[in-house]
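Me: I would like to learn how to read the features of a model such as this one, with the general idea given before each case. Could you take me through them in turn?

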Amino acid sequence: MKGFEGIAHALKAEGIDTVFGLMAIDNLPLIAELKASGIHVVRARTEHGAISMADGYARATGKVGVVSVGDGPGAAFTANGLMTALRRRSPIILISGDTPASEIGSNLKHFDQAAFFTATAGHCLEVASGDTLASDLATVFQRAKSGIGPSVLNCPLNVFEDDLPPAWSYAPLEADEPATPDESLVQQAATLLSEAKRPLILIGRGALDDATLAEIERCASALGALVGTTLQAEGALRNNSGQVGIVGGLASVPTRDLVNTADVVLAVGAGLNAFTTDFGRLFSSAAVIRIARATSALDESVPVALRIEADTLATMRALNADLAARELAPRDSAVAPPHEPIKDVDAISKLPDVIDPRTFLDIFDRVTAGPRMVVTDAGHAMFFVLDRVPPQDGGERIWGGDFAAMTVGIPIGIGAAMGNHARRTFAFLGDGAFIMSPSELDTAAREGVPLTVIVMNDLAYGAEVHYLNNWGLEPDLALFPTTPDVEAVARALGCEAITVRDAESAERALERAMASTGPLVLDVRIAGDVRHRLWASAKRISGGR
């Protein structure tokens, strides 16, 4: 058995039925063997696209997404996709080729891939020989299944091609058991919460399973606590009477004011990055308790009084048991005030032959109501999507802006649509991101992926236009009036495509999207004279163009 045959055998043993990849000279035999073994090989057009497809697949299914690319330039082209997956802690495994030791110094493709992948994926395991291949594969799969994040298996060409030891075999490892909560820390948390006058529970994407949400709701009821969510968990417990909605810079001013009255904040499965805390302006006078499987000071932009690094479900159960044993006096359920509409900074645009992005998104939200996944790229127009398309549950939104990298929207959408057929998938991106990444539409067309790509097209880098205006500079450097016809490009790549310029054509196009069974691209010509409120006066916003 050759190394590439052993890898294919291991993937079958792990239950992998889909692999995303791009063939190169070193991983060529592996790709062929995967197909021969019955695994569906999704042949991406770019390595970046393959990584992001696996990321979308993992996010939509909860399964491990597997990718294979070649060495050198192929490996280097994975950077944006890997960094996005790393920030999201997506369970993906990249099997990459690498230069054999005998060719270092003579192979033009060689560079220090181990250092590169450690920086971009967070974890890289170099395969020394076929003797360690089985244990190395089991290790990266165990790590992915444990919810830690991406892993890279860096395989020199000789490992793919050499014979494995005669007795070689593969046995999957179970996921690591999450840590059980420290009893003393749970007691400290219960004390803080039981003495709180205005508690708030913040739900993050690490707490979206039904069992954990039930425990959070039980805790909120016992404490009379308000409930809010991070951006990536928006929609969770949306019918709770104390639900204040999304917490952070995207919240309305009244919601931010209300959240800032909390004296104790319980963050469950939630990061506390600058967007969630409105750049440190929220929770400034609150004692913050953070429960997560793993925490890092890198995603904490406010002081944290107490950290419990353990399984979120087990911790919430222990916390509720402790609170129940204290026989707290009954508290009225928190009732959040009615949600106030977001106040826009600009009136509806009256420019001809274009549609205001807010008008289009209001139509989108109405026409596509039902089980759906809404994927967003990075960029100015994406923030209108966040405002105007509220998720109905915690599984509806896939925010692709974890690394603020444009171009992830289409491939993440492809992977998500291929992984979850119970929801209709829509991928939003700007025209700048589209021009950078149309090639994967060919993949969507070849695979017949039921995905609607919505290009919010203002013929510009919209964020930069508004930044330049706020600096008092001419915006012409960010304008692209000769942007190629998006509909024509999409059709050339095998997709159905429609151009939208007004409310009537928006209705027709979205009705077509709801009936489509393959890839459809909507070129939505949006007015460029309207600003999202975050760009009203900002000269720099970290996290999007």
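Me: Which residue follows H17, and what is the sign of its phi?

Reply: This is a predicted model, in which local features need pLDDT of at least 70, side-chain atom pairs count only at pLDDT 80 or more, and totals for chains, interfaces and linings use all residues. Residues are numbered from 1 along each chain as its sequence is written, and side-chain values use heavy atoms, with hydrogens and water left out. Helices (H or I, at least four residues) and strands (E, at least two) are DSSP runs, numbered from the N terminus. H17 is followed by Gly448, whose phi is positive, near 60 degrees. Within helix H17 (residues 440–447), Glu440, Leu441, Asp442, Thr443 and Ala444 are buried, where buried means under 20% relative accessible area, exposed over 50% and partly exposed in between (1.4 Å probe, protein chains only).

Me: What is the phi of Thr407, and where does this residue lie?

Reply: Most residues other than glycine have a negative phi. Thr407, however, has a positive phi near 95 degrees; this residue sits in the loop between strand S14 (397–399) and helix H15 (409–419), and it is buried, at 8% relative accessibility. Leu459 is likewise not a glycine, and its phi is positive at about 55 degrees. Leu459 belongs to the loop between strand S16 (451–457) and H18 and is partly exposed, its relative accessible area being 28%.

Me: How many disulfides are counted here?

Reply: A disulfide is a covalent bond between the sulfur atoms of two cysteines, and the rule applied is a pair of cysteine sulfur atoms within 2.5 Å. By this rule the count is 0. Cys124 is in no disulfide, as the nearest cysteine sulfur, that of Cys155, is 9.4 Å away, which is too far for a bond. Cys124 is buried at 16% relative accessible area, and Cys155 is also buried, at 0%.

Me: How many cavities are there, and which residues lie nearest the centre of the largest?

Reply: Rolling a probe the size of a water molecule over the atoms shows where empty space is left. On a 1 Å grid over the protein atoms alone, a cavity is a set of points where a 1.4 Å probe fits but cannot get out, whereas a pocket is an open set with protein on both sides within 12 Å along at least five of seven lines; lining residues have an atom within 4 Å of a point. The count comes to 2 cavities of 30 Å³ or more, and the largest holds about 120 Å³ of space. Its lining has 17 residues, of which Gly379, His380, Gly430, Ala460 and Gly462 lie nearest the centre. The elements giving two or more residues to this lining are helix H14 (380–388), helix H16 (431–436) and helix H18 (462–470).

Me: What is the volume of the second largest pocket, and which element gives the most to its lining?

Reply: The second largest pocket has a volume of about 580 Å³. Among the 25 residues that line this pocket, Glu234, Gly245, Ile246, His339 and Pro390 are the closest to its centre. Strand S9 (243–246) and H14 are the elements that give two or more residues to the lining, and S9 gives the most, with 4 residues.

Me: Is Glu474 buried or exposed?

Reply: Glu474 is exposed, with a relative accessible area of 62%, and lies in the loop between H18 and helix H19 (486–492).

Notes. Points joined across faces, edges and corners; volume = space filled by probe spheres on them.
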